[in-house]
Amino acid sequence: MKTKILIYCATVYVAVFFSACGGSSNSPLADIDLIPMGNAYYTLDGELAFAGEFRDADFFSDGLAKVLMGMREGYAFINKKGEKVFDVGECFNITGFWNGVAWKMTQKGYIAIDTSGKELFTTLATPITLFNADGKALVEGGTEDGKTRYGVIDRKGNISLFQGDFCIYGEKNSRVIHSDRIVVNCNPGGQPAVIDMQGNIIVEPETYSEIGPFDLNGCAIVRKDGMYGIIDRDGKELFMDTEGKYSWITCDGDWYAYCLKGRDGGFAWGDKKGNVKLGPLEDNLSFRWGKYAFYGSKRYDRSGDSESTAKQIETPLIGGKVVVAYSNDEGYFLCDEKGNRLNYDVSVEGLMNSGVDDLIRSVSRGNGDAIALGFPYVSTFWSLGE
């Protein structure tokens, strides 16, 4: 008997979309021009842009930002003038916008909305990712025999199911799909593989013991026989550590960080083909597309030269010029790339009760993937599908 798939989609509204995707060659953090803090937004010069009758202000994406108007009023989206564009309406939660679409979770199911607030369709399938520039998002649903099936949903709510027995985990994929490549764990055995947005196998299972998420460079970090390497979107090996020089490799924006083996090996940085550009250095720096890496009270440029900063800097460059620093006596505050405080009127409480708080915590926990994968708006996206 053929398995009945319990994934349903009711099309409520159909609209034509504009694709609002930023270039993949620059830092996603460079697109930020307003910094949220509680009930206000600040410019990159540390000046107040506007404040409003809202809280939990979030970063802007697609020209809109999610804010909480109050427990009874719920969520709304505002523009960069601080004007409310529309109320979200009753829901459990909602994502920020990405490529013109946001997901809203309700009792009726998951509703896709456009930037005017119009409902596009409702689906009972659970979203795993936001929509990419081609208008596709990953979803999952259950079958009558208890299995999980996956597929791709378009902006009209049409679902194309993948064939095969596998699982998709959030930690193996960005909330945004890069290079149209999805990392899956195949059953039986749980071996990783790579499929495209049509469900075609790009990298066969048992090729690698580990496959990381695809990044903005169109590459993924892999592991085979205890050695790390980098593959492109077609599964071609661009680099493999056949000499066993590195303990691990991680994406660091347009560069990759290579951890040298040995007690005092240190770190090196290079391109996707393993060509070293910087190092070895003792400190594990993170450039994350930026021109500087910050480590404690030091600032490093891409040639490895360092200079002291006025304070301990906690984040990479936001908008290409602003960082968040910390000191025991002042707490967190906005400053320039040298650690000089920008605005003494910004309260610590306002800074920590904001999207910047999530950004700081993400960076401090070593979640460089959030930025390397084009996912800087940490609090914008709740855990879809998890």
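## A colleague's note on this predicted model

1. A good place to begin is the start of the chain: over residues 1–25, pLDDT stays under 50, and for this stretch the model has 59 contacts beyond four places in sequence. This is a predicted model, and the other end calls for similar care. Over residues 378–386 pLDDT also stays under 50, with 39 contacts beyond four places in sequence. Where pLDDT is low, the predicted coordinates should not be read in detail.

2. Now for confidence across the chain. The protein chain has a mean pLDDT of 83, and 86% of its residues reach 70 or more. Confidence is lowest in strand β1 (residues 5–6), where the mean is 33, and highest in strand β24 (residues 237–240), at 98.

3. Here is the overall make-up. The protein chain contains three helices and 34 strands. Of its 386 residues, 54% are buried. About 17600 Å² of the protein chain is exposed, and carbon and sulfur atoms supply 45% of that area. Taking contacts between residues at least 6 apart in sequence, 39% join residues at least 24 apart.

4. One sheet is worth finding on your screen. It is an open sheet of three strands in the order β32-β33-β34, with antiparallel pairing. Its edges are β32 (312–313) and β34, each of which has a single partner strand, so one side of each is left without a neighbour in the sheet. Between the antiparallel strands β33 and β34 there are six bridges. To line the two up by eye, look for Ala325, which stands opposite Phe333 in β34.

5. Stay with β33 for a moment. Ser327 belongs to this strand, which covers residues 322–327. Is Ser327 buried or exposed? Ser327 has a relative accessible area of 9%, under the 20% cut-off, so it counts as buried. The side chain of Ser327 makes a polar contact of 2.9 Å with the side chain of Asp329. Not counting residues up to four places away in sequence, Ser327 touches Lys311 and Phe333.

6. Just after β34 comes another residue to look at. Glu337 sits in the loop between β34 (331–336) and α1 (348–352). Why does Glu337 count as buried? The reason is its relative accessibility of 17%, since buried means under 20%. Beyond its neighbours within four places in sequence, Glu337 is in contact with several residues, including Lys291, Tyr292, Phe294, Arg299 and Thr309. Ile313, Leu317, Gly320, Lys321 and Val323 are also among the contacts of Glu337.

7. The largest nonpolar core brings several of these elements together. Of its 19 residues, Ile35, Met37, Val324, Leu334 and Val356 touch the most other members. Two or more residues come from each of β3 (35–37), β4 (40–42), β33, β34 and α2, and the largest share, four residues, is from α2. In soluble globular proteins, nonpolar side chains tend to be buried together.

8. Ile35 gives a close-up of this core. Leaving aside neighbours within four places in sequence, Ile35 is in contact with Ala40, Tyr41, Tyr42 and Leu44, among others. Further along the chain, its partners include Ile318, Val322, Leu334 and Val356.

9. Last, a look at helix α2. How many of the ten residues of α2 (residues 355–364) are buried? Eight are, so α2 is largely enclosed by the rest of the structure. These buried residues are Gly355, Val356, Asp357, Asp358, Leu359, Ile360, Ser362 and Val363.

Key
Residues numbered from 1 in each chain as written. Predicted model: local features only at pLDDT ≥ 70, side-chain atom pairs only at ≥ 80, totals over all residues. Heavy atoms only, no water. Buried < 20%, exposed > 50% of the residue type's maximum accessible area, 1.4 Å probe, protein only. Contact = heavy atoms within 4.5 Å. Areas by Shrake-Rupley, 256 points an atom, 1.4 Å probe, with all protein chains shown as cover. Polar contact = N/O pair within 3.5 Å; in protein donor to acceptor, adjacent residues only side chain to side chain. pLDDT = per-residue confidence, 0-100. Core = buried A, V, L, I, M, F, W, Y, C linked by side-chain atoms within 4.5 Å. Pairing = 2+ DSSP bridges.
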